[in-house]
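Open your viewer, switch to a cartoon view and keep the selection box handy. We will go from stop to stop, and at each one you will select something and look at what is there.

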Amino acid sequence: MNLLKAEELAEYANKKSIDIACISELGPRRKIRGYQQYIISDTFTQSGIFWKNSVKAKSISMKSLDRKHYQTLTQCIMIEEDLLLVHVYIHPALQHGERSSYWRSLLDLLETKCKEKVIITGDLNTLDERF
């Protein structure tokens, strides 16, 4: 995300009163005015979840899941202690079997540890001949 796009995003988010935004391919731009953020950067991606300062949210570590699965990144925030937002990055080179294993692990984790409502979003890099 270049400087112009970062400024446009900040203006748009504030103008439209966006409470939460999940952004992939951040590049060096790591802030949106008036928003807190949970950003993870590694070799494969630069993703972030941004939420307005007025939103009660806290980041939840998913490192144990990511350590088991190569070329994935999982970010998670608990919103108002009622809704879990999961933002996923999956590298485009990840094969079908590895993707399936990741999704099984994520869903198992959510089923065993999560009583809240869940939204899953992200940069899934899905290459499917049907589309």
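In which strand is Ile 120 found? Select Ile 120 and follow the cartoon on both sides: this residue is found in strand β7, which covers residues 117–123. Keep in mind that you are looking at a predicted model.

**Stop 1: a patch on the surface**

Leave Ile 120 selected and add Leu 107 and Val 118. These three residues make a nonpolar surface patch of about 220 Å². Ile 120 itself is partly exposed, since its relative accessible area is 37%.

**Stop 2: the whole chain**

Now zoom out and colour by secondary structure. You should be able to find three helices and seven strands in the protein chain. Walking from the N terminus, you meet them in the order α-β-β-β-β-α-β-β-α-β. The chain has 131 residues, and 37% of them count as buried. If you turn on the surface, about 8,300 Å² is exposed, with 51% of that supplied by carbon and sulfur atoms. Contacts also link parts that are far along the chain from each other: among contacts with a separation of 6 or more, 51% are between residues 24 or more positions apart.

**Stop 3: the open sheet**

Select β4, β5, β6 and β7 together. In what order do these four strands form their open sheet? The order is β4-β5-β6-β7, with mixed pairing. The strands at the edges are β4 and β7; each has a single partner strand, so one side of each is left without a neighbour in the sheet. Turn the view to look along the sheet and you can follow the twist, which averages 25 degrees from one strand to the next. As background, strands of a sheet pair through backbone hydrogen bonds, either parallel or antiparallel.

Here is what to look for between neighbours:

- β4 and β5 run antiparallel and are joined by four bridges. Select Lys 58 to see a residue that stands opposite Met 78 in β5.
- β5 and β6 also run antiparallel, with eight bridges joining them. Select Cys 76, whose bridge partner in β6 is Val 86.

Next, show helix α3, residues 96–113. This helix packs on the sheet and touches β5, β6 and β7, while its direction makes about 165 degrees with that of β6.

**Stop 4: inside strand β5**

Hide everything but β5, show its side chains, then bring the rest back. Is this strand enclosed or open to the outside? Eight of the eight residues of β5 are buried, so the strand is largely enclosed by the rest of the structure. Its side chains point two ways: Thr 72, Thr 74, Cys 76 and Met 78 go one way, Leu 73, Gln 75, Ile 77 and Ile 79 go the other, and all are buried.

**Stop 5: His 87**

Stay with Gln 75 and look across to β6, where it stands opposite His 87. Is His 87 buried or exposed? With a relative accessible area of 3%, His 87 is buried. Show what surrounds it: beyond residues up to four places away in sequence, His 87 touches residues including Cys 22, Ser 47, Ile 49, Leu 73 and Thr 121.

**Stop 6: the turn and its salt bridges**

Follow β5 into β6. The two strands form a hairpin with three residues between them, and Glu 80 in the turn has a positive phi of about 50 degrees.

How many salt bridges does the model have? The count comes to two. Select Glu 81 and Lys 56 to see one of them, with the closest N and O atoms 3.3 Å apart. Glu 81 lies in the loop between β5 and β6 and Lys 56 in the loop between β3 and β4, so the pair ties together parts that are 25 residues apart in sequence.

Then select Lys 117 and Asp 82, another salt bridge, where the closest N and O atoms are 3.1 Å apart. Lys 117 lies in β7 and Asp 82 in the loop between β5 and β6, so this pair ties together parts that are 35 residues apart in sequence. Lys 117 counts as exposed at 53% relative accessibility, and Asp 82 counts as partly exposed at 38%.

**Last stop: Lys 63**

Finish by selecting Lys 63 in helix α2, residues 63–68. At 54% relative accessibility, Lys 63 counts as exposed. Draw a distance to Leu 73, ten residues apart along the chain: the C-alpha atoms are separated by 8.4 Å.

Conventions
Residues numbered from 1 in each chain as written. Predicted model: local features only at pLDDT ≥ 70, side-chain atom pairs only at ≥ 80, totals over all residues. Heavy atoms only, no water. Buried < 20%, exposed > 50% of the residue type's maximum accessible area, 1.4 Å probe, protein only. Contact = heavy atoms within 4.5 Å. Areas by Shrake-Rupley, 256 points an atom, 1.4 Å probe, with all protein chains shown as cover. Patch = residues over 30% accessible without salt bridge, like charges linked within 9 Å, V, L, I, M, F, W, Y side chains within 5 Å. Salt bridge = Lys/Arg side-chain N within 4 Å of Asp/Glu carboxyl O. Pairing = 2+ DSSP bridges. Axes fitted to C-alpha atoms, helices over the stretch in contact; angles between N-to-C directions.
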